[in-house]
Amino acid sequence: MDPTPNTVEAAGNQLKETESGVARTKTNAGINKYALICALLASTTSILLGYDIGVMSGAAMFIREDLNISSSRIEILVGILNVSSLIGSLSSGKTSDWIGRRYTIVLAAATFLIGALLMSLAPSYAYLLAGRIVAGIGVGYSLMIAPVYTAELSPAAQRGMLTSFPEVFIVFGILLGYIVNYALAGLPRGTNWRLMLGIAAAPAVLIGIGVFFMPESPRWLAMKGRLDEARRIMVKISDSPEEAEERFSEITKAAENDTSGGSNWNGQGVWREIIKPTRPVRRMLISAIGINFFMQASGNDAVIYYCPEIFKAAGIHNKKTLFGINVIMGLAKTFFVLVSACLLDRFGRRPLLMLGSIGQALSLIVLGLGSYFLAHSETKPLWAVVACIVAVCAYVSSFSIGLGPITWVYSSEIFPIRLRAQAAGLAISVNRLVSGAVSMTFLTISSKITFAGMFFVLSGIVVVGTVFFYFFLPETKGKSLEEIGALFADKPVPSPTVEKEQEMRDV
């Protein structure tokens with residue numbers, strides 16, 4: 001039967017309304033306040049790592065003096081947290097598939113709380129080391145779960161910004177650690193570093209309380225077959241019933257395709273697929289593991305941990321001055337990570353990643369040249385010291401524009417729902433392993449090849465990473481989590497909006 005003119009006209013009007021609605025969504029879409037609050041609460045777990053990185057840069061100096069230990073033992077103390085976080089990040093995927101994303105956040109906060117208390121009360125180096133191992137396990141859990149939970153709640157149009165919040169909180173934690181160092185540096189030796197490390201227990205408690213105000217991930221609920229709960233949460237984190245229904249349809253379809261969709265699914269079979277991946281999954285793993293490797297191989301954590309040592313070698317010996325420089329560096333990192341978070345969904349992941357990586361490489365070259373000049377100069381001219389300070393600030397700022405936030409965004413969004421938690425956990429385990437290796441060898445290698453030589457090596461690593469990013473990381477801006485898989489499968493998958501428009505044209 002041929003359609004009547006009225007039917008065609010009505011269909012045409014409906015199509016125009018759909019197209020105009022799509023345009024409004026793209027140009028005027030705001031951030032859902034409930035999703036924003038949930039992303040902020042989940043991302044606060046990352047403050048635990050940031051605070052440790054910042055505060056240990058100063059506490060390590062006082063620990064060495066108080067416990068009378070060598071540089072190599074300080075390297076082990078600093079790096080062991082990153083190595084032990086392997087335990088948390090490797091087990092976090094399976095844990096979150098089993099007990100849920102929400103309660104994994106509680107587990108992360110509780111574990112770190114125990115570690116912080118052990119560190120602050122440690123009577124000896126051995127107890128201090130044990131406390132950092134426990135805290136590291138909590139850090140490993142938090143680094144995986146925060147971006148995964150946020151990605152699973154976020155709409156595609158704002159996912160880049162919301163999923164970059166973990167890095168924002170890491171940087172905020174670093175700045176907080178620097179400020180605490182500066183404030184407590186004048187306390188008696190033996191008291192100052194204990195307070196510096198013990199204060200970390202406070203955010204861990206607040207995070208544990210905040211989780212009770214957060215919903216479970218709707219995608220995890222869909223995997224468990226709890227569709228009514230998933231639908232109710234999707235309504236809260238969407239701007240309209242139509243958007244909620246569209247997103248709900250996407251995740252239920254993905255859950256049916258990727259899992260059994262039943263309550264007995266706890267992530268079983270995932271490691272078999274990771275060990276023997278299909279071509280698309282192999283490309284996802286290469287991309288996620290690669291970006292996590294280069295994030296830490298670039299030396300960011302080590303530079304922050306040992307920044308006071310670097311500037312002591314440059315001729316600055318006053319502790320208050322050293323900690324003041326750290327605060328300036330923390331402010332620079334905070335500003336640029338916020339800039340990146342605001343621009344990720346506008347310009348995309350790749351442009352900011354490439355810009356930040358090139359900036360890191362150039363900054364390391366300048367820092368290497370400045371360090372080389374100072375090492376061979378008896379007078380330590382002020383201009384060379386200032387050049388090194390500016391180069392370090394430029395380096396950490398470039399990291400905060402690119403690799404810092406985008407690593408967490410990418411790791412949490414490129415995997416299909418059945419693999420997301422455990423595959424992201426694997427990628428982040430590589431992140432922590434490399435961070436630990438660099439942190440535990442940075443001073444030793446620098447003593448052999450000088451700080452200048454170390455910075456030139458790191459610059460070369462960043463250049464190789466930039467080439468890797470260019471060839472292996474596709475743009476994911478604006479795509480739903482369910483659509484991103486098509487980028488790695490080399491086959492286009494129309495979005496639900498496009499499918500609806502095509503149905504209207506068929507009418």
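Me: What makes you say that H22 bends at Thr-450?

Reply: The bend there comes to about 105 degrees, and that is the angle between axes fitted to the seven residues ending at a residue and the seven starting there. Bear in mind that this is a predicted model.

Me: How do you know that H22 is not a straight helix, going by its span?

Reply: Set the two spans side by side: 53 residues in a straight helix would cover 78 Å at 1.5 Å a residue, yet H22 has only 19 Å between its end C-alpha atoms.

Me: Which helix gives the most to the largest nonpolar core, and what does that core hold?

Reply: The core has 150 residues, and among those with the most contacts inside it are Met-56, Ile-63, Phe-442 and Phe-469. Helix H22, residues 420-472, gives the most to it, with 17 residues.

Me: And what is Ile-63 in contact with, neighbours within four places in sequence aside?

Reply: The list includes Met-56, Leu-128, Trp-193 and Leu-197.

Me: Why is Thr-466 called buried?

Reply: Buried means under 20% relative accessible area. Thr-466 is at 11%, so it counts as buried. Thr-466 sits in H22, and its side chain reaches the backbone oxygen of Val-462 at 2.8 Å. Leaving aside neighbours within four places in sequence, Thr-466 is in contact with Met-354, Ser-357 and Ile-358.

Me: How many aromatic pairs are there?

Reply: The count comes to 11. One of them is Phe-294 with Phe-468, at 5.7 Å centre to centre and 40 degrees between the planes.

Me: Why is the pair of Phe-294 and Phe-468 called tilted?

Reply: Stacked needs planes under 30 degrees apart and edge-to-face needs over 60, with the rest counted as tilted. At 40 degrees this pair falls in between, so tilted it is. Phe-294 lies in helix H15 and Phe-468 in H22, so the pair ties together parts 174 residues apart in sequence.

Me: What makes Phe-294 and Phe-468 count as buried?

Reply: With the cut-off at under 20%, Phe-294 makes it at 12% relative accessibility and Phe-468 at 13%.

Me: Why is the pair of Tyr-306 and Phe-442 called stacked?

Reply: Their planes are 10 degrees apart, and anything under 30 counts as stacked. The ring centres are 5.7 Å apart. This pair links distant parts of the chain, 136 residues apart: Tyr-306 is in the loop between helix H16 and helix H17, while Phe-442 is in H22. Both residues are buried.

Me: Which residues form one aromatic cluster with Phe-294 and Phe-468?

Reply: Phe-293, Phe-469 and Phe-472 join them.

Conventions: Residues are numbered from 1 along each chain as its sequence is written. This is a predicted model: local features need pLDDT of at least 70, side-chain atom pairs count only at pLDDT 80 or more; totals for chains, interfaces and linings use all residues. Side-chain values use heavy atoms; hydrogens and water are left out. A nonpolar core is a set of buried Ala, Val, Leu, Ile, Met, Phe, Trp, Tyr and Cys residues joined through side-chain atoms within 4.5 Å. Buried means under 20% relative accessible area, exposed over 50%, partly exposed in between (1.4 Å probe, protein chains only). Helices (H or I, at least four residues) and strands (E, at least two) are DSSP runs, numbered from the N terminus. Contact means heavy atoms within 4.5 Å. A polar contact is a pair of N or O atoms within 3.5 Å; within protein, one must be able to donate a hydrogen and the other to accept it, and residues adjacent in sequence count only if both atoms are side-chain atoms. The expected span of a helix is 1.5 Å times one less than its number of residues. Rings of Phe, Tyr and Trp (its six-membered ring) pair if their centres lie within 6.5 Å; planes under 30 degrees apart count as stacked, over 60 as edge-to-face and the rest as tilted.
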